[in-house]
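Here is a short tour of one protein chain. Keep the model open and follow each element as it comes up.

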Amino acid sequence: MIIHHAHKVVTDDVFLMLDGFLPDSEVFLKLEGLNPAGSIKLKAAVGMVEDAEQHGRLRPGSRLIESSSGSLGIALAIVAAGRGYSFTCVTDPNVSPQSLAAIKALGAHVVQVEKRDANGGYLGTRIAYIRERLAEDSGLVWLNQYANPANPSTHASTTASSVLRNIGRVDQLFVGAGTTGTLMGCVSHFRAHSPHTKITAVDAVGSVTFGGRPQPRRIPGLGTSRTPELCVPEAVDEVIHVAEPDAVRMCRRIARERGLLTGGSTGSVLAALAQAAPFIPSGSRVVALSPDMGERYLQTIYHDDWVHETFGRHVLESLDLDLDHLTVPV
């Protein structure tokens, strides 16, 4: 296979069967991080850029600006480099050092806001900054992943379609909720082609997307401090909120038991699946979406000192680790 642009390298048909994860049920983990951007966000980036090109919003030499906690920033940096656009990524202190370095290495300009918004997150601040820039510079193009219909429509035609094409009968689908582009795209496709499938949205504790109480979060990916315009809460069958320490535990568990480094969003999705396990009927076919891989989290989720300092020693103790090496104060 010969491909002419890096952003066209999208693997959409790789599933890892998690034998034994649920008793008497099949679990398929759809791996979305096996592309140059390392996450499911590459599909959204390509879809939104191509839609903007088709509608005349993007032309040769256009300048993009977008808000991202990391993954879409990397994806858009790849697409922008390949299609000749400049790109400014507006992010915040929760972005991982690896993601930040990748965005810069791909030629994008990075603006990092520092002030939390009214709900304790950074999304409101990031968007406020973008609106200020747009008011000052009419030449900037904001794709707005939180409200852009090309985001969910891309996932309806790729992600969701791939699940049904490869797995066939799907009784339950677990999808993480960030911008809710992936989630809403899956809802649209499954309601039309597999209406019996129960769709569970996975959100982070501290996120307000589905009406939760706002509080600061430290792991980028899932959750928002303002409900995205794309989100239709009543369209999903269930919402499960996962605490960040539980996502960390699950990431560590999958690494040790399955030999797979997953990102924080994947840890949350699988932690939600584990929570729901007692209520999943025997013989079910369950699909969980894995948005990203774990290399970008080696200095956070997989770093004992960071976990200890951020969440406390008890999180590490629950993993039965030898903690004598910790360098942060006890």
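## Helix 1 meets helix 2

Helix 1 and helix 2 are oblique to each other. This is a predicted model. Helix 1 covers residues 41-54, and helix 2 covers residues 71-83. The two pack at an angle of about 45 degrees. Their axes are 8 Å apart. Why does that angle count as oblique? Angles under 35 degrees count as roughly parallel, and 65 to 115 as roughly perpendicular, so about 45 degrees is oblique. The crossing of helix 1 and helix 2 is right-handed.

Which residues make this contact? Helix 1 brings Lys-41, Leu-42, Ala-45, Val-46, Met-48, Val-49, Glu-50 and Glu-53. Helix 2 answers with Ser-71, Leu-72, Ala-75, Leu-76, Val-79 and Arg-83. By type, the residues of this contact are nine nonpolar, one polar and four charged.

## The four-stranded sheet

Strands of a sheet pair through backbone hydrogen bonds, either parallel or antiparallel. One open sheet here has four strands. Their order is 5-4-3-6, and the pairing is parallel. Strand 5 (109-112) and strand 6 (140-142) stand at the edges. Each has a single partner strand, so one side of each is left without a neighbour in the sheet. On average, neighbouring strands of this sheet are turned by 25 degrees against each other, direction ignored.

Look at strand 3, residues 63-67. Three bridges join strand 3 to strand 6, and the two run parallel. Which residue of strand 6 stands opposite Ile-65? It is Trp-142.

## Helices on that sheet

Helix 2 packs on the four-stranded sheet. Helix 2 touches strand 3 and strand 4 (86-91). The direction of helix 2 makes about 175 degrees with that of strand 4.

Helix 3 spans residues 97-105. Helix 3 lies across strand 4 and strand 5. Helix 3 runs at about 145 degrees to strand 5.

## The six-stranded sheet

Another open sheet has six strands. What is their order? It is 1-2-10-7-8-9, with mixed pairing. The edge strands are strand 1 (15-17) and strand 9 (238-242), and each pairs on one side only. Neighbouring strands of this sheet are turned by 25 degrees against each other on average, direction ignored.

Strand 7 (residues 172-176) and strand 8 (residues 198-204) run parallel. How many bridges join strand 7 to strand 8? There are five. One pair of bridge partners is Gln-172 and Lys-198, with Lys-198 in strand 8.

## Helix 7 meets helix 9

Two packed helices are described by the angle between their axes and the distance between the axes. Apply that to helix 7 (residues 244-258) and helix 9 (residues 304-311). The angle is about 160 degrees, and the axes are 11 Å apart. Angles over 145 degrees count as roughly antiparallel, so helix 7 is roughly antiparallel to helix 9. Helix 7 passes helix 9 in a left-handed crossing.

From helix 7, the contact takes Glu-244, Pro-245, Val-248 and Arg-252. From helix 9 come Asp-304, Val-307 and Phe-311. The residues of this contact divide into four nonpolar, no polar and three charged.

## The annotated domain

What does the record say? An unreviewed UniProt entry carries the annotation "domain: Tryptophan synthase beta chain-like PALP". The annotation covers residues 25-292. Over residues 25-292, the chain is 41% helix and 18% strand. The end C-alpha atoms of that stretch are 24 Å apart.

Key: Residues numbered from 1 in each chain as written. Predicted model: local features only at pLDDT ≥ 70, side-chain atom pairs only at ≥ 80, totals over all residues. Heavy atoms only, no water. UniProt positions renumbered as here; feature names shortened; annotations may be inferred. Axes fitted to C-alpha atoms, helices over the stretch in contact; angles between N-to-C directions. Left-handed = near helix turned anticlockwise from the far one by under 90°. Contact = heavy atoms within 4.5 Å. Nonpolar A, V, L, I, M, F, W, Y, C, P; charged D, E, K, R; others polar. Pairing = 2+ DSSP bridges.
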